[in-house]
Amino acid sequence: MSLEHSHPVKLNELYRDVIMDHYRRPRNKGDLPDPTVAVDLHNPVCGDEISLKLLVEGGTIRKARFEGRGCSISQSSASMMAQQLEGKSLAEAETMLGRFKEMMRGDEQAGEALGDLVALSGVAKFPVRVKCALLAWEALERSLEQLR
Ligand code: ZN
């Protein structure tokens with residue numbers, strides 16, 4: 001697939017549409033009573049806030065919910081992440097986290113296994129926005145640490 005090279009503008013538009021869709025209609029957004037773990041983070045550079053709550057049973061993430069506010073990058077990243085976390089084992093969540101961080105360091109291949117999240121790959125070129133995209137994932141990282 002050389003879509004990216006032959007149609008860079010169209011791909012960028014597609015990615016922007018995915019990001020704005022998750023920003024306007026966030027998935028997995030809301031409160032989660034009695035979570036196994038809950039982490040609140042905020043990004044002072046941009047003013048983004050993310051509160052991530054996970055319900056974990058038998059090493060599997062049964063429910064992932066987030067609440068928050070901020071820029072489209074931070075909120076869409078949280079929405080896509082939470083959507084994909086449900087049903088994943090903690091080990092799979094760890095793998096997702098590693099891949100997303102690699103994608104934010106500019107490794108485009110790392111994003112191929114991340115579904116809609118690949119839409120955020122272009123953010124890697126903008127260090128200030130990388131902090132926005134990573135906020136939800138830092139909450140996940142801390143959650144996984146607390147679950148160990
Ligand atoms: Zn932001």
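## Inside helix H5

Let's start with what H5 tucks away: Val-130, Cys-132, Ala-133, Leu-134, Leu-135, Ala-136, Trp-137, Ala-139, Leu-140, Ser-143 and Leu-144 are buried in this helix. Here buried means under 20% relative accessible area, exposed means over 50%, and partly exposed is in between (1.4 Å probe, protein chains only). Helices (H or I, at least four residues) and strands (E, at least two) are DSSP runs, numbered from the N terminus. This is a predicted model, in which local features need pLDDT of at least 70 and side-chain atom pairs count only at pLDDT 80 or more, while totals for chains, interfaces and linings use all residues. Residues are numbered from 1 along each chain as its sequence is written, and side-chain values use heavy atoms, with hydrogens and water left out.

H5 covers residues 127–147, which makes 21 residues, and it reaches 29 Å from its first C-alpha to its last. That is close to the 30 Å expected at 1.5 Å a residue (the expected span is 1.5 Å times one less than the number of residues). The helix also bends by about 45 degrees at Leu-134, where the bend is the angle between axes fitted to the seven residues ending there and the seven starting there.

What do the buried residues of H5 pack against? Their partners are strand S1 (37–43), strand S2 (48–57), helix H3 (72–85) and helix H4 (90–104). On the partly exposed side of things, Glu-141 belongs to H5 and has a relative accessible area of 26%. Leaving aside neighbours within four places in sequence, Glu-141 is in contact with Leu-97 and Lys-101 (contact means heavy atoms within 4.5 Å).

## Three strands, two hairpins

S1 and S2 run antiparallel and are joined by seven bridges; two strands pair if DSSP finds at least two bridges between them. Asn-43 stands opposite Asp-48 in S2. The two strands make a hairpin with four residues between them, and Gly-47 in the turn has a positive phi of about 85 degrees.

S2 then pairs with S3 (residues 60–69), again antiparallel, over nine bridges. In this pairing, Lys-53 sits opposite Arg-65 in S3. Two residues separate the strands of this hairpin, with Gly-58 in the turn showing a positive phi of about 55 degrees. S2 itself is mostly covered, as seven of its 10 residues are buried.

## The zinc site

Which residues hold the zinc ion? Its coordination comes from Cys-46 (SG), Asp-48 (OD), Asp-48 (OD), Cys-71 (SG) and Cys-132 (SG), at 2.1 to 2.8 Å. Donors are N, O and S atoms within 2.8 Å of the metal (3.2 Å for Na, K and Ca), and water is not among the atoms, so sites may look incomplete. Along the sequence, the donor residues follow the spacing C-x1-D-x22-C-x60-C.

Cys-46 lies in the loop between S1 and S2 and Cys-71 in the loop between S3 and H3, so this pair ties together parts that are 25 residues apart in sequence. Cys-46 is partly exposed at 34% relative accessible area, whereas Cys-71 counts as buried at 14%.

## The nonpolar core and helix H3

The largest nonpolar core has 42 residues, and those touching the most other members are Leu-54, Leu-85, Phe-100, Met-104, Leu-120, Trp-137 and Leu-140. Such a core is a set of buried Ala, Val, Leu, Ile, Met, Phe, Trp, Tyr and Cys residues joined through side-chain atoms within 4.5 Å. Helix H2 (8–24), S1, S2, S3, H3, H4 and H5 each give two or more residues to this core, and the largest share, 10 residues, comes from H5.

H3 has 14 residues and reaches 20 Å from first C-alpha to last, close to the 20 Å expected at 1.5 Å a residue. Of those 14 residues, 13 are buried, so H3 is largely enclosed by the rest of the structure. Gly-87 follows the helix, with a positive phi near 90 degrees.

## Two loop residues with positive phi

Most residues other than glycine have a negative phi. Asn-28, in the loop between H2 and S1, has a positive phi of about 60 degrees although it is not a glycine. Asp-34 also lies in the loop between H2 and S1, and its phi is positive too, near 50 degrees.

Buried or exposed, how does Asn-28 sit? Asn-28 is buried, with a relative accessible area of 17%, while Asp-34 counts as exposed at 67%.
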